[in-house]
Each structure stands twice: as structure tokens, then as C-alpha cells.
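Biologist: I should like a close look at a single residue of this chain, followed by an account of the spaces within and around the rest of the protein. Please explain it in a form that a first-year student can follow.

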Amino acid sequence: MYILVLFLPLLSAIISGLFGRKIGTKGAGVLTSSCIVISALVSCCIFYETVLNSSAAYVKLWRWFDSELFTAYFGLQFDSLTAIMLIVVTSVSALVHIYSTGYMSGDPHIPRFMSYLSLFTFLMIVLVTSENYVQLFIGWEGVGLCSYLLINFWLTRIKANKAAMKAMLINRVGDIGLILAMIKILAEFGALDFSTIYSVMSLNEWGDVYSNSVGVNKDSLTIICLLLFLGAVGKSAQLGLHTWLPDAMEGPTPVSALIHAATMVTAGVFLIIRSGPLFEGSPFALTVVTILGALTAFFAATTGVVQNDLKKVIAYSTCSKVGYMVMVCGLSNYSTSLFHLMNHAFFKALLFLSAGSVIHAVSDEQDMRKMGGLLKSIPFTYTMILIGSLSLMGFPYLTGFYSKDLILELTYDKYYVAFAYWLGSFSALLTAFYSMRLIYLTFITDTNLKKEVLTKVHESTWNITLPLLLLAFGSIFVGYLGKEVVISNVIPPMISNSVKVVPLVLSLLGALLAFVIYDRVTRVTGAKGGIRNFVRVNSIRNVRSSFSEEKFEQKSPWTQLFHVVYTFFNSAWQFNYVINHFIVKNVWKFGHLVTYRIIDRGILETIGPKGISKVLISLTQTISNYQSGMVFNYALIMIIFTTFFISGASVL
Amino acid sequence: MYYEYLTVGVILFIFGVLGIVLNRSNLIIMLMSIELMLLAIAFLFLINSIVIDNLIGEIFTLMVLTVAAAESAIGLAILVAYYRVRGTIAVKSLNLLRG
């Protein structure tokens, strides 16, 4: 049973990938979906056995490689962390599979798509069930590869190609960190399986008491943790390496749901949680983790507020939520982080899939400015997205409330990172703001759709709505149900009630603010020209002067300031520009000018093949010139050398 | 005694060599220079056979004379054949086989 949870997704991936032509689109959909559903059921059983009955299971499969000092096994480790991750991954993935049979219907390459989805799920399961870092790395690279394949699913689109390459390459930056961390761990601990490392770490504390006789060097531990964190930064899209995440929206919507809700971005957080004992040994690394997580949460929230693409808003909100998870990891509350991860998976999958449903309904239009007024046409999707958003902003009694408020309270409790608390709280406000903004612009405001599109808006088929319904139940109840299981060991900090309600108040404030602002603006400016309304709201009335009749109006300094701020946030703090301009471009230049032109084509060729052949050819030409064809020259040469020969012979 | 004649032989030989090396105009002069060199060699053989009182030098000289006669006959034949083909016997024009 334990191996079945791995085996089934692999089987469905292989069958659907290799024999997709035989089983057809419908067959591929049914096969892969049912395989993943069974896998989800099996992982529920595993959850029952390993968490509720608290009996962790280790399955040693076979010996992988074996040298004098180091042995690696293929082994599976099912403890409570793995079981919870398994539930999250398989259930969300199963729903995404079912969803994509409906969403992708009509696409000519459904078997391939389902195969990739299943392969992704399989590799993610490999990642979470591995018992050592090497095997974890297989899953780690595998999900990167699958994200490439999935983002690039519509491979004829150049933007999808670019986004996929970006995702793969930026992930690779983090992967280097993970590899270096693995090497360093091997050098320090002599092993790569978790059980050995963590037992050595527990020895380490003992060693500290007795003058550090046993154990690991503190500095190298810090290096290991920072390198591991670099890996997590790449995978979980933390500040600095986050730019791939919004671009990954080029893939189909179920892919975004899978990558951003349950699997890929959570892998980085999973790595931190799994390496928790290591991180515990290095306070410095923990502080770095907290600060970067808080910055990411804040950054992504500010950016999400001004995005106009429906999916990008949700993508930045993912980035922000993952920032929360990382932040609370830095405060050593790994179970809270895991809890948030679990809750987040449900409501973010719900949000993405509902967004997909909306996009499906409005004929593949993703710009929120061109939507609006869908409340009457697709009330079911509206309800789903409302549940998801309320859960996301931490509305009481919904899933997000249980983890998000706890995270903020725990952050408040650690007085030395008050900075992170305020960033986190502020991003809670912004989260509420952009969630409400999304709902308002998509559903409530006057419509900006074309008439022919608006008349055709409809709810989708059952295989799109059913996953939404199930995820909505998840978004409502998972937090309450999972609370005792996951965070039973977290002691809520002793803080006053006034502080305790701050996040809630901020969230409600943000939501109300968004509603009031957008409502008022709509009423003031009337129902004409929704695009212009929107432009006015965000105070960029002069950005697109083609839309605006006040083209020649004198800009007030406030407008200019708003314009600058809006552009700054809308372009995601100019990270893409900075990275492209200062890093990528220079690396390219270096690659072309220095390594290619100077070293490869220059130095190496000159002292290498080209230079040697040049010298040899000119030498032989000079020598062959001595053979002039003139007999007297030959005679002279013969005599000279005969003289040399004779005299040399006599000398010697 | 007779040692001073050795110098004559050597000088004759050097003249022959110089005749080959410096001559650029006429192929016949080259043949004549070769004859001169062979003559010098034969002369040296004779002197040495007298100096060391040994007959082998003279026998050798006879052989050298024979070889020289045959060589000049073949050389002249080549020269005639060459002249028939090229119409000139200048050494300078003998450069078809340059490297």
C-alpha cells in the first residue's frame, strides 16, 4: 500500500504518455484521474496509519549506490509530515486531474497533458516520501522538469516557451544551492539520509554542553542552512528568485493550480520543514529565513494589488502566502508552516480552478479590466471564488483563519522580528484588498465584456464544478479539522486580545476598503467605460492617454506620484528589469565577449589547433622553398652538409 | 716527398666543386667540372698510392677513369636528349621540379 501511492501516478503517466494514442483522450482522462484518485485514497489510509495511529513507516526499497564512506538507499519514509504532504498533493492533484478533463476538452494533446500532470504528481510524491536528500533531489529536479513541460504545454506559443525556460533556469539557481548543501552535509555528517543527520544533530546539542566535543561545526551548519534555503528560495519563489512564478501563468490554468497550490512552490517550504533540525542549529539562518519570508509576503502583496491579469493576482498571492510559510519556519514553528501549507493548498487550488472556470466562461479572456458583471451569469463560480478569497484573507471560521492568524501571533511573540510582524500584518491587509478587488472587478462591477461574449457566459460541465465544490468544502473545513492534528504541539503565544484581533481587523478593513473604493468610483464615474474607471481608480489616468480625454490636462504632482508608484508596483518592483539589466544582460555579454570571443575563439584557438597549424604550414612552406629546382643549389646544400657530416664525424 | 702534390689535387677538387656551385649558365661546364673533380680524385689516389707505396690506389684510379668515361658518356647522352626536348642547356632553366 505504501508503494502503491507512488506507483499508481507513475503507471498512469507512463500509460497515458506512451499509449495515449491507443487509449484516446477520454481513456487518458479517465485512467489518470482514477489512478490519482486511488492514490489519494491510499494516502488517506497512510495518513490514518502514520498520523492518527502515530506509527511512522520506513520502506527500504533497494541499495542505490554504495562506496566506502557513503551508502544511499532508495527508501521511503512515511512520517506525519510526509503523510500530510501526501494528502495535500494527491487530493489536490486528483481534483486537478478531474478538472482538466473538462477544462482541456477540445485540446488535441490531452493524453500528453494528463501524462505530464501524473508525472508531476509522481515526482512530487517521490520528493515528499524520500528518506534521504539524494532521493529528495530526484523529486526536486523532476518537478522542475515537469513544470517546464507543463508551462510549455502549448509549445507553439513563444511566450510559453520563454516562461518555461525562465522557470527552469531560475529553479536551477536554487538547485545549485541544494546540491552544494548536500555536498556540505556529506562532508560534515558523512551521510545524506535524514535519520542519520538528525540523530547527529541531537548529539550536537549534547556536545555543546560538554565543550562541543561531539558534533558539527556551527559555522558550517549555518552555511548548510543558507544553501538549503537558497534551494528553497528558488523553488518557493521567495524574493530574488520569484520572477519565474508570475510568468509561469503562461501554462494552462490547471497547471497553475497544481504548481502554485499544492506541489511545486510548497516543495521549498517542505525542504525547510524537513531540514528543521538543521535549521535549529543555526539562529542566523533562521533570522535570514524569517526576514526574507516577510519581505516576500509584503512584496508580493503590494504587487498583487495592482495586477490586472486575473491569474497573476492569484500568483502573487501565492508568492505572498509562501512568504508567510517561510517566515514562520524561520521562527521555528514548522508545524504551523505545514498547517498553512495544507490550508493554502486547498484554498489556492480553489481560487485557481475557479479563475480557470471564469476564464473558460468568458472565452479565454484573462484581463480583469475586461470582465465584470459575471455575478448573475455564473453564480456558482462566484460562490466558489468568494469562499476561496474569504479563506485566503483569513475570514473567521474558514480555513485560512486558523493558520494565518496563528502565524501572525507567533511572529508577534518573537519580539526581535517585529519588523516581520508588521510586514506580515500589512500584507494581510493587502491580501484582503486584492482579493476583494478581484471579486469586485470580475463579478460585481458593471460589465466590460463584449455583448457576444457576455451572452455566451455559462457555468461549466460537472467535471469542472465538482472539483470546485470539493475544494470549497476543503477550504471551509480543513483548517478546523486539521488544527488538532497538525498544530497540537504549538502553544498559542500569550498576547493581549487587542493584538490578537489586529490581523482580523486589518483583513476586514482591507476588504471593506477595496469594496468601498471601487464601489464609490464606479458610482461617481458612472457606468460608461469600465477601463477608464479602472484607470482612474489606480490614478494612472495619463498612462494610457489614448483612453483618456484629459490628454493635455496639466498633471498634478499627486497624479504623477501615483503614476510612478503604480508603475513601480505593477511591474513587480522592477525586479525583472533589474535582474535582466544588471545580471542577465551582463552575463550574456560576458558569455559572448569573454568566454566565447576571447577565450574560445581567441586564446584557445590561437594556442590550439588553429595557431599550431598556421605555424606548421608556414614552416613547411619556408622549408620547401629551399628546394628551388636549381641544380647548383642542390649541389651547394649537398656539399655543405657533407662537409658538416665529415667534420662532425671527425669531431665526435 | 710528393706531399706538395696533395695540395694540387685538393685545389683541383675545390675548383671542380666551385664550378658546379657557381655555374648557372651552361650544363656542359657542369659536366666538365664533374670530370675535373673525378680527375682530382684520381690524382689524389695516385699520389697516395705512391706515398704509401701501395698498388690499390692505382687500381682504383683505373676504375675511376672507367667510371668517369662511362659517366661522361651517359651525361652527354642525357644532355643531348635534354637539349632535343628543351632547346637549351642553361642550368637556370633546369628548375621544373621545385618544391
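Modeller: A:Ser39 is placed in helix 2 of chain A, which covers residues 20-52. The model is a predicted one, and every value below is computed from it. In this model A:Ser39 has a relative accessible area of 0%, so it counts as buried. Its side chain nevertheless has a polar partner: a polar atom of that side chain lies 3.1 Å from the backbone oxygen of A:Val5. A:Val5 also appears among the contacts of A:Ser39 once neighbours within four places in sequence are set aside, together with A:Leu8, A:Pro9, A:Thr90 and A:Ile125.

The surroundings of this residue can now be set within the whole chain. Chain A has 652 residues, and 55% of them are buried. Its secondary structure amounts to 27 helices and 2 strands. Along the principal axes, the C-alpha atoms occupy a box of roughly 115 × 75 × 60 Å. Among contacts with a separation of 6 or more, 78% join residues that are 24 or more positions apart. The domain assignment names domain 1, residues 1-131, and domain 2, residues 576-647. Between the C-alpha centres of these two domains of chain A there is a distance of 59 Å.

A second buried residue offers a parallel to A:Ser39. A:His340 belongs to helix 15 of chain A. The relative accessibility of A:His340 is 0%, and therefore it is counted as buried. Leaving out residues up to four places away in sequence, A:His340 touches A:Lys321, A:Tyr324 and A:Met325, and also A:Ser403, A:Lys404 and A:Ile407.

Two loop residues deserve attention for their backbone angles. A:Ala237 is not a glycine, yet its phi is positive, at about 55 degrees. A:Ala237 sits in the loop between helix 8 (218-235) and helix 9 of chain A, and with 0% relative accessibility it is buried. A:Ser332, also a residue other than glycine, has a positive phi near 65 degrees. A:Ser332 lies in the loop that runs between helix 14 and helix 15 of chain A. Its relative accessible area is 29%, so A:Ser332 is classed as partly exposed.

The next topic is empty space. Rolling a probe the size of a water molecule over the atoms reveals where such space remains. The largest pocket has a volume of about 910 Å³. Its lining consists of 41 residues, of which A:Lys159, A:Glu250, A:Asp309, A:Gln366 and A:Asp367 are the closest to the centre. At least two lining residues come from each of helix 9 (244-247), helix 14 (310-330), helix 15 (334-361), helix 24 (557-570) and helix 25 (575-607) of chain A. Sorted by class, the lining of the largest pocket holds 13 nonpolar, 15 polar and 13 charged residues.

The second largest pocket contains about 650 Å³ of space. Of its 16 lining residues, those closest to the centre are A:Lys166, A:Leu169, A:Ile170, A:Asn580 and A:Val584. Helix 6 (158-189) and helix 25 of chain A each provide at least two residues of this lining. The largest share, 7 residues, is that of helix 25. By class, the lining of the second largest pocket has 9 nonpolar, 4 polar and 3 charged residues.

There are also spaces from which the probe cannot get out, and these are called cavities. The count comes to 6 cavities of 30 Å³ or more. The second largest cavity has a volume of about 50 Å³. It is lined by A:Val313, A:Ile314, A:Ser317, A:Leu351, A:Ser389, A:Leu392, A:Tyr434, A:Ser435 and A:Leu438. Helix 14, helix 16 (379-392) and helix 18 (418-444) of chain A are the elements that give two or more residues to this lining. The lining of the second largest cavity has 6 nonpolar and 3 polar residues, with no charged residues.

Technical notes
Residues are numbered from 1 along each chain as its sequence is written. Chains are lettered from A and ligands numbered from 1 in the order in which they are written. This is a predicted model: local features need pLDDT of at least 70, side-chain atom pairs count only at pLDDT 80 or more; totals for chains, interfaces and linings use all residues. Side-chain values use heavy atoms; hydrogens and water are left out. On a 1 Å grid over the protein atoms alone, a cavity is a set of points where a 1.4 Å probe fits but cannot get out, and a pocket is an open set with protein on both sides within 12 Å along at least five of seven lines; lining residues have an atom within 4 Å of a point. Grid points are joined across faces, edges and corners, and a volume is the space filled by probe spheres set on the points. Helices (H or I, at least four residues) and strands (E, at least two) are DSSP runs, numbered from the N terminus. Ala, Val, Leu, Ile, Met, Phe, Trp, Tyr, Cys and Pro count as nonpolar, Asp, Glu, Lys and Arg as charged, and the others, Gly among them, as polar. Domain bounds come from an automatic or database domain assignment. Buried means under 20% relative accessible area, exposed over 50%, partly exposed in between (1.4 Å probe, protein chains only). A polar contact is a pair of N or O atoms within 3.5 Å; within protein, one must be able to donate a hydrogen and the other to accept it, and residues adjacent in sequence count only if both atoms are side-chain atoms. Contact means heavy atoms within 4.5 Å.
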